[in-house]
Each structure stands twice: as C-alpha cells, then as structure tokens.
Amino acid sequence: MKFKAICENTAMKKKFGARLLGVLQIALGLGLSLLIHSTVAVAQSNSSDKFEFNDTHFHLTNYIQEGVDIHEFLKTMGTKVGRVALFGIPLQQEWSYQNSGDYAPTYYLQTDAPLYYYSFTDAYIAMAYRSLSKEDQARFDPMITGFNPADMYAADHIRRVLQTFPGVFSGIGEFSIHKEFVSSKVAGETASLLNPALDRILDFAGTVGLVVLIHNDMDVPFAAEGSQPAYLDQMKGVLKRHPNTIIIWAHTGMGRIVRPIKNHAAELAAILGDPQFSHVYFDISWNEVAKYVVATPESTRITADLINRYPDRFLFGTDEVAPRNQEQYLRVYNQYQPLWKLLDDTTREKVLKGNYERIFDEARHKVRAWETAQGSTPTGNPR
Ligand SMILES: [Zn+2]
C-alpha cells in the first residue's frame with residue numbers, strides 16, 4: 001500500500017514539473033518495494049514456523065457435494081494452518097425419494113440409497129483453487145478424487161483432469177477401497193485391492209509423481225479379538241507392487257470400529273521396519289482415530305513411541321468436512337494434545353509440518369514437470 005501511495009504521489013509531482021523530486025521518489029519507491037519484497041520473501045521462507053500445522057487430509061465438500069467457500073475457508077485456516085491437501089468427496093449420496101421421501105440425507109449413514117462416483121468434484125476443486133490469488137494458491141495442494149477405483153479407465157480420468165487443469169493438482173485421493181458401511185453402498189462393482197484397475201491408478205500416479213492418499217480399512221468392523229486383519233495382506237501386496245509411488249495410508253488403516261490399538265501399532269511397526277515399504281506413509285487424521293489414540297494413557301504412549309521411532313513416516317491431517325468455523329476445524333488437532341506432548345520436538349514438527357512440506361513439495365515439482373513434458377501450460381490451454 002505504501003509503495004502504491006508513493007507511486008501516485010510521484011505521478012502528481014511529475015504532473016507539476018517537479019521531475020527531480022519525482023525521480024528521487026521513484027528510487028525511494030523502488031527501494032521500499034525491494035525492501036517489502038525481501039521482507040515478504042523472508043516471511044515466506046519462514047512461513048511454516050508461524051503455523052501450528054499443515055493438513056494432509058481435508059474435504060472442502062461433503063457427501064452431497066456442498067461445502068464452504070474456499071475464500072471463507074482461508075479465513076478459517078487463518079494463522080493456525082499453513083498448507084492444506086484439498087479435495088472434495090468422490091461419492092455422492094443419492095437422495096432417493098423412494099427410500100427417504102422428503103428427508104434429504106447429507107451423510108451415508110442416513111439412508112439406504114446408494115452412493116455414486118461424482119467426477120465433477122475434480123472440476124469444482126480446480127475452479128475453487130483457480131479463484132485464489134497466487135499467494136493463496138501456494139497454501140493448497142489440490143487432489144483428484146472423482147474416479148471409480150474399480151474401473152480400468154480410472155487412470156485415464158486422472159490423466160484427463162491433469163491435462164484439463166494443468167498447474168493445479170499434487171495428488172490423488174482421498175479415495176476408498178474398503179471402508180465400513182460405504183463400500184457396499186457404492187453403485188456398481190465393489191472396489192477391491194485385487195482389482196488391476198487399482199494397479200493402473202497407482203502405476204500412473206507413480207509415473208506422474210502424484211501423492212496417493214488412500215483409505216482402506218485394515219480390518220472389517222467388529223473383527224474377532226486376535227484374528228488377522230482381513231485386508232492387511234492384500235494391502236501389503238498392493239503397496240509392494242508400487243514401490244515408486246508415494247502412498248499415504250489414511251487413518252493408518254483404522255476404521256470406524258477398530259481392534260485394540262496395541263495390535264494395530266504392531267502391524268504398523270512391521271510395515272515401517274520393512275524396507276519394501278519405504279515409500280509408504282500414514283496419516284493420523286480423523287476424530288475417530290484420535291479417539292482411540294487418546295483413549296487411555298497407555299494407548300497414547302504406544303502411539304507416541306511408534307511415531308517417535310519413525311518420525312518421517314507420519315503426517316497429521318484433520319479429515320474435517322466443510323467446517324463452519326475455526327473451532328470445528330481445529331478440534332482433531334486439539335483432541336491430539338496428549339499425543340503432541342509425548343512426541344520429541346523434532347518428531348512433532350515433522351508430523352505437523354515438515355513431512356507434509358517434503359512430500360508435497362516434491363510432488364508439486366514432479367507433477368508440474370510431467371505436465372510440461374505433456375505440453376500443458378498452467379493457463380489450461382494446450383500449447
Ligand atoms: Zn477423509
């Protein structure tokens with residue numbers, strides 16, 4: 001603002017013939033401008049210091065594709081949240097009049113009507129991102145979600161979105177394979193870890209450099225105590241088949257109804273200690289996960305010990321869906337306070353901010369390079 005005022009003032013002086021004064025003021029203005037720019041640059045390079053966390057897992061819209069305006073959401077992030085991996089929800093809950101009559105469901109548990117893949121979500125997210133200034137765009141990493149992971153053509157959808165909206169996306173997800181109460185409600189073929197359509201998706205993500213955020217419950221709801229988690233071996237198989245793809249396993253594979261956290265931590269430790277899975281990360285998002293982690297001092301301690309052992313492999317996320325205010329947005333972060341206290345300082349910093357920056361900065365770089373090689377320009381027009 002100061003620089004602008006000086007420029008206007010300079011123009012006035014010139015008009016009245018005070019050229020020398022004008023030149024001096026332009027020089028002063030340029031000096032000020034440089035000072036302002038260098039101050040901004042310093043502020044940006046330290047930007048992550050002033051924020052509490054980056055959010056690896058955030059839904060701008062809900063199961064009926066409604067949400068908060070991204071400009072409003074920036075205010076909700078405020079000075080608390082630096083960067084956000086941004087996506088909608090790939091599934092739309094159908095409002096079936098035959099099922100719920102005048103009652104309009106907004107969540108998948110509110111009706112027996114099916115869910116279906118809603119590909120327009122990707123265009124919606126891209127346009128929301130594009131409505132932001134360059135500075136504000138830098139705080140988001142949009143993700144592609146609007147594909148059916150049981151469809152051999154899913155990878156083609158992802159490619160098409162990148163080509164239609166170059167300069168926007170950093171990853172794919174959150175998309176779900178096995179999710180309690182959701183998978184069986186999806187219209188059409190049920191997604192599976194054994195489906196080669198998923199391999200095509202993960203291969204393509206690896207080629208482009210897209211981060212993958214996948215939701216897959218490790219186990220079925222209400223599993224018997226001591227039983228082998230139903231989907232663990234299949235999931236390990238998928239992860240092993242794609243060593244060149246950065247994969248974040250959402251919620252550490254926990255579902256809404258989980259087995260005791262001790263067993264779960266042991267399963268995670270086996271993955272984290274195996275070099276075949278060095279490309280695999282975990283997000284600890286969702287209030288349902290936080291609930292189990294902070295349930296007892298013992299469960300918090302077991303989780304903290306594991307994270308302190310593998311500080312580069314965990315990322316915090318909220319998994320909030322279209323939060324109305326900052327209090328709602330920060331509730332999972334606050335819920336985790338007992339965990340934050342038990343993490344080493346460097347580990348806490350990595351889980352809350354550093355790991356996000358490392359992984360998503362690299363993804364941005366790779367995806368932009370892939371787009372350039374494809375002949376796409378950030379304006380959205382083919383060259
Ligand atoms: Zn989620």
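These legends describe close-up views of a predicted model.

**Figure 1. The whole chain and its sheet.** The protein chain holds 17 helices and 11 strands. Of its 383 residues, 40% are buried. Among contacts with a separation of 6 or more, 79% join residues 24 or more positions apart. The view centres on an open sheet of 9 strands, with parallel pairing. Read across, the order is S10-S9-S8-S7-S6-S5-S2-S1-S11. Strand S10 (314-315) and S11 are the edge strands, and each pairs on one side only. Helix H17 (residues 345-374) packs on the sheet. This helix touches S1, S2, S5, S6, S7, S9 and S10. The direction of H17 makes about 65° with that of S1.

**Figure 2. Strand S1 and its partners.** Strand S1 covers residues 53-59, and 7 of its 7 residues are buried. Strand S2 (residues 81-87) runs parallel to S1, joined to it by 4 bridges. Within this pair, Phe53 has Val81 in S2 as its bridge partner. The chain passes from S1 to S2 through helix H4 (residues 70-77), and this β-α-β crossover is right-handed. Strand S11 (residues 320-321) also runs parallel to S1, through 2 bridges. Here Phe58 is partnered by Glu320 in S11.

**Figure 3. From S2 to S5.** S2 also pairs with strand S5 (residues 140-144). The sense is parallel, over 3 bridges. To find the register, look for Ala85, whose bridge partner in S5 is Asp141.

**Figure 4. Strand S7, with a neighbour on each side.** Strand S7 spans residues 211-215 and is mostly covered, with 5 of its 5 residues buried. In a regular strand, side chains alternate between the two faces of the sheet. Val211, Leu213 and His215 point one way from S7. Val212 and Ile214 point the other way. One neighbour is strand S6 (residues 171-176), which pairs with S7 in the parallel sense over 5 bridges. Ser176 stands opposite His215 in this pairing. The other is strand S8 (residues 247-249), parallel to S7 and joined by 3 bridges. Trp249 in S8 is the bridge partner of Ile214.

**Figure 5. Two β-α-β units that share S7.** The unit made by S6, helix H9 (residues 196-208) and S7 is right-handed. S7 then enters a further unit with helix H10 (residues 232-241) and S8, and this one is also right-handed.

**Figure 6. A cis peptide bond at S6.** The peptide bond from Gly173 to Glu174 is cis. Its omega is near -5°. Glu174 lies in strand S6.

**Figure 7. Asp217 and its surroundings.** Asp217 sits in the loop between S7 and H10. Is this residue buried or exposed? Asp217 is buried, because 26 other C-beta atoms lie within 10 Å and the cut-off is 20 or more. Leaving aside residues up to four places away in sequence, Asp217 touches His178, Lys179, Glu180, Tyr231, Gly253 and Gly255. Gly253 is 36 residues from Asp217 along the chain, yet their C-alpha atoms are separated by 4.8 Å.

**Figure 8. Positive phi in the loop between S8 and H11.** His251 lies in this loop. Its phi is positive, at about 60°, although His251 is not a glycine. Thr252 is found in the loop between S8 and H11 too. Phi of Thr252 is near 55°, again a positive value in a residue other than glycine. His251 counts as buried because it has 25 C-beta neighbours inside 10 Å. Thr252 counts as buried as well, with 25 C-beta neighbours inside 10 Å.

**Figure 9. Helix H11, buried on one side.** Helix H11 runs over residues 261-272. At 1.5 Å a residue, its 12 residues should span 16 Å. The end C-alpha atoms are 16 Å apart, which agrees. Which residues of H11 are buried? They are Ile261, His264, Leu268 and Ile271. These residues cover an arc of only 80° around the axis, so they lie on the same side of H11. What covers them includes strand S9 (280-283), helix H12 (287-293) and helix H13 (297-309). The face turned away from the buried side carries Lys262, Ala266 and Ala270, which are exposed.

Notes. Residues numbered from 1 in each chain as written. Predicted model: local features only at pLDDT ≥ 70, side-chain atom pairs only at ≥ 80, totals over all residues. Buried ≥ 20, exposed ≤ 12 C-beta atoms within 10 Å, placed from the backbone. Pairing = 2+ DSSP bridges. Right-handed = clockwise from strand over helix to strand, strands pointing away. Expected span 1.5 Å × (residues − 1). Arc of directions from axis to C-beta. Contact = placed C-beta atoms within 7 Å. Axes fitted to C-alpha atoms, helices over the stretch in contact; angles between N-to-C directions.
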